[in-house]
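Colleague: I am new to this structure and would like to go through it with you. Please show it to me first.

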Amino acid sequence: MDFRPSEEQDLLRRTVREFAESEIGPHVMAWDEAQKFSDDLLPKLAALGLAGVQFPEEYGGAALSAVDYCICIEELARVCPAVALSVAAHNGLCSAHISMFGSTQQKKQYLPRLVRGEVWGAWGLTEAGAGSDAAGMRTTAVRQGDCWTINGAKTFITHGRIGGVMVVIAVTDRTGGHRGISAFIVEHGTPGMSAGKKENKLGMRASDTSEVIFDNCRVPAGQLLGEEGQGFINTLQVLDGGRIGIAALSVGLAQGAYEAALAYAKERRQFGQPIAGFQAIQWKLADNATRIEAARLLTYRAAYLRDQGARTTRESSTAKLFASEAAVKAADDCVQIHGGYGFVKDYPAEKYFRDVKLLTIGEGTSEIQRLVIARQLLTQNQ
Ligand SMILES: Cc1cc2nc3c(=O)[nH]c(=O)nc-3n(C[C@H](O)[C@H](O)[C@H](O)COP(=O)(O)OP(=O)(O)OC[C@H]3O[C@@H](n4cnc5c(N)ncnc54)[C@H](O)[C@@H]3O)c2cc1C
């Protein structure tokens, strides 16, 4: 067992940190206010390999490990959780689904464009009436000759408006239950596909989220992604990876909030001394530092096992559950340590506090993670 990062991983962390601090840091609040990133963000991310972290070199990817991917997401989230969320959805949902289950032809057609940062990737599972119970979706895809016709609407889709390529999950056999669901690749601009309402969010505001509507949207039969009827099962496998990304995002956000709180505690004076001198503040800092370390280790362990080819359903959910709840506490304590200054936009605390709440909700709520973990415990006898 070796807990030390390799020299390459130290370099990767420094490189992404420098990029995040210089290219993203100065714009964080402006992008949050504007509810969008600048147009040159995606090409810049791609130039650093961040638009295709884990994908094979033959498709232009950086071919890094899942642990390396966690380091990248962590360092982006430390500076801007909204950028990290978009990068995680692009890599860990849309591109990962195509990479894991696409045909060679589909990978050749879509991965290079996604990896080069020509388009943002989107991934549509959730619907207004089917969130945690995603298999209860109503969007349908019906085979008609050489095409599939998709009808329905997806809700809360990251890059629903700006995405160029979207993986959509739809019911193809109403009688098939979980095995009656399939996935499709749909390109932006396909007739019958349109973006609905842009969500006006509490946090992660720079990351685009919207409804996506399918009204007799016809796609060629070749756009079926993976086997017919396997879409939901494949989705759960994609989420096993995606949740490690959200755990890493949580670790990075918590680290950013903790560092801001630590710096402020050393600088802010009350009762004639820095507030860091008070035990009440020290305990908050110590508890957060401890939780962040534990969250990081759970996250890297899940990623490491994934790199070994193991199925990580339980480990991914454990990491996501613990890390996201640790991040919520870190962001809350960050505001508390800042006092009134934590409540205004001149300091980073309030943004971490707004952004963090998504992490116990997206890619499965904390309640659903507990349900997944408990199911594994009960069925695996561990
Ligand atoms: C900013 C943002 C980005 C997102 N991006 C995407 C995306 O790119 N693609 C995508 O497909 N989706 C995306 N989502 C959707 C997200 O995954 C869902 O919001 C999430 O899965 C929860 O679904 P829901 O909102 O319908 O809540 P619900 O499922 O309605 O849950 C409401 C509450 O009930 C609880 N609950 C539900 N079922 C149970 C149960 N069995 N036991 C105990 N408690 C339960 C939940 O934990 C929660 O507390 C995004 C959401 C947001 C906010």
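Modeller: A cavity is a set of grid points where a 1.4 Å probe fits but cannot get out. Please keep in mind that the model is predicted.

Colleague: By this rule, how many cavities of 30 Å³ or more are there?

Modeller: The count takes in enclosed spaces where the probe cannot get out. With the limit set at 30 Å³ or more, the number of cavities is two.

Colleague: Which strand gives the largest share of the lining of the largest cavity?

Modeller: The largest cavity has a volume of about 40 Å³. Its lining is made of A122, H159, G160, G163, G164, V165, M166, H188, M193 and V212. Four residues of this lining come from one strand, covering residues 163–171, and that strand is β4.

Colleague: How many charged residues does the lining of the largest cavity have?

Modeller: Gly counts as polar in this division, as do residues outside the nonpolar and charged lists. The lining of the largest cavity then has five nonpolar and five polar residues, and the charged ones number no residues at all: none.

Colleague: Which element gives the most to the lining of the second largest cavity?

Modeller: The second largest cavity holds about 30 Å³ of space. Y258, A261, L285, N288, A330, D333, C334 and I337 form its lining. Two or more of these residues come from each of α7, α8 and α9 (313–338). With four residues, the top contributor is α9.

Colleague: How many residues of the lining of the second largest cavity are nonpolar?

Modeller: D333 is among the residues of this lining, and Asp counts as charged. The lining has one charged residue and one polar residue, and the nonpolar ones number six.

Colleague: Turning to pockets, which helix gives the most to the lining of the second largest pocket?

Modeller: This pocket contains about 610 Å³ of space. Its lining has 18 residues, with D2, F3, L297, Y300 and Y304 lying nearest the centre. At least two lining residues come from each of α1 (7–24), α4 (66–79) and α8. The most, seven residues, come from α8.

Colleague: How many residues in the lining of the second largest pocket are charged?

Modeller: Asp, Glu, Lys and Arg count as charged. Nine residues of this lining are nonpolar and two are polar, while the charged ones number seven.

Colleague: Now the salt bridges: how many are there by the rule used?

Modeller: The rule asks for a side-chain nitrogen of Lys or Arg within 4 Å of a carboxyl oxygen of Asp or Glu. Counted this way, the number of salt bridges is 23.

Colleague: How many residues apart are R354 and D32?

Modeller: R354 and D32 form a salt bridge, with the closest N and O atoms 2.8 Å apart. R354 lies in helix α10 (residues 349–356) and D32 in helix α2 (residues 28–34), so the pair links distant parts of the chain, by the helix numbering from the N terminus. Their separation along the chain is 322 residues.

Colleague: Why do R354 and D32 both count as buried?

Modeller: Buried means under 20% relative accessible area. R354 is at 12% and D32 is at 2%. Both values fall under the cut-off, so each residue counts as buried.

Colleague: Is E293 buried or partly exposed?

Modeller: E293 forms a salt bridge with R296, the closest N and O atoms being 2.7 Å apart. Both lie in helix α8 (residues 279–307), three residues apart, about one turn of the helix. R296 is buried, at 13% relative accessible area. At 42%, E293 is partly exposed.

Colleague: What relative accessible area does D355 have?

Modeller: The side chains of D355 and K351 meet in a salt bridge of 2.5 Å, N to O. The two lie four residues apart in helix α10, about one turn of the helix. K351 counts as buried at 5% relative accessibility. D355 is buried too, and its relative accessible area is 0%.

Colleague: Which helix gives the largest share of the largest nonpolar core?

Modeller: This core has 70 residues, and I24, L45, L76, V83 and L249 have the most contacts inside it. Its largest share is 14 residues, from the helix covering residues 231–267, which is α7.

Notes: Residues are numbered from 1 along each chain as its sequence is written. This is a predicted model: local features need pLDDT of at least 70, side-chain atom pairs count only at pLDDT 80 or more; totals for chains, interfaces and linings use all residues. Side-chain values use heavy atoms; hydrogens and water are left out. Buried means under 20% relative accessible area, exposed over 50%, partly exposed in between (1.4 Å probe, protein chains only). On a 1 Å grid over the protein atoms alone, a cavity is a set of points where a 1.4 Å probe fits but cannot get out, and a pocket is an open set with protein on both sides within 12 Å along at least five of seven lines; lining residues have an atom within 4 Å of a point. Grid points are joined across faces, edges and corners, and a volume is the space filled by probe spheres set on the points. A nonpolar core is a set of buried Ala, Val, Leu, Ile, Met, Phe, Trp, Tyr and Cys residues joined through side-chain atoms within 4.5 Å.
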